Amino acid sequence: YLAERLPDELEVAVKIVRSERHRNATVHERFLREVKHTSAIDSPHVVKILDSGLSSDGRAYMVMEFLEGESLTERLRRPPALSATEALHVARDVGRALAAAHAANVIHRDLKPDNIFLCEGGRVKVVDFGIAKAYELKDNKTADEPSLTEAHRVVGTPVYMAPEVITKAGLYPSSDLYALGVILYEMLIGEPPFYEKDAIGTMYRHLHEKPKRVREVDERLNIPGALETLIRDLLTKD
């Protein structure tokens, strides 16, 4: 909801648990984790939480800065396509957001164009840490907080999911970087490197196929070699 903070009349966005779900303990715990994780990240490229609490009827809410602009998903649907310079601008700011999140020991876990917001004025913000996880690195492995989902469920969006997340081999900061590689590829080409109508087919391709080089997909694109190398490194299977 769009709201106004008193007494300074600042326009803010309010997110609140739906009334029909406010007795669901898992929903509330996930909501509170989103507040905790987002508040822990200090970056101008992550949406800011200004306040949080419980409403009079017991529903969790958070108050966030109000963003004007559009999601990256909306921008990708509208021609013309992003230039290499524009795509790198978005990727750079998302990378800065991820660097700050990982420094705060938070993995986003669902990075995708829907969760990247292009603000008026040119700033890029990462939003929606609803399924993010806090982690601690021990012996080069991540020990994270307890899961709020069933053991057999795959959590995230298959088109942007890293191989180790699909196989449940682990969840790492680099898992977010893999998703960033998919998004960068999609910004340049107009479609992600791996996509099938069914989630299983998409996940299989993430595990077993190499992405085509950007210039191999569209020879008309003037993509510097260093950018091709960056995308290749981000989309490394291991």
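E70 stands opposite L118 in β7. This is a predicted model, where local features need pLDDT of at least 70, side-chain atom pairs count only at pLDDT 80 or more, and totals for chains, interfaces and linings use all residues. Residues are numbered from 1 along each chain as its sequence is written, and side-chain values use heavy atoms, leaving out hydrogens and water.

**Sheet.** 3 bridges join β5 to β7 (residues 116–119), and these run antiparallel. Strands are DSSP runs of E, at least two residues; helices are runs of H or I, at least four. Pairing requires at least two DSSP bridges. The open sheet has 3 strands, ordered β5-β7-β8, with antiparallel pairing. β5 (69–71) and β8 (124–126) each have a single partner strand, so one side of each lacks a neighbour in the sheet. Neighbouring strands are turned by 25 degrees against each other on average, direction ignored. Helix α3 (residues 84–103) lies across β7 and β8, at about 40 degrees to β8. Axes are lines fitted to C-alpha atoms, for helices over the stretch in contact; angles run from 0 to 180 degrees between N-to-C directions.

**Two residues.** Contact means heavy atoms within 4.5 Å. The table leaves aside neighbours within four places in sequence.

| Residue | Place | In contact with |
|---|---|---|
| E186 | helix α5 (residues 173–189) | L76, P113, Y160, E191, P192 |
| S55 | loop between β3 (49–54) and β4 (60–65) | I16, Y61 |

E186 is buried (under 20% relative accessible area, 1.4 Å probe, protein chains only). E186 has no salt bridge, meaning a Lys or Arg side-chain nitrogen within 4 Å of an Asp or Glu carboxyl oxygen. The nearest side chain of opposite charge, R77, is 8.4 Å away. The C-alpha atoms of S55 and V17 are separated by 9.7 Å, at 38 residues apart along the chain.

Conventions
Buried < 20%, exposed > 50% of the residue type's maximum accessible area, 1.4 Å probe, protein only. Lys, Arg positive; Asp, Glu negative; His and termini not counted.
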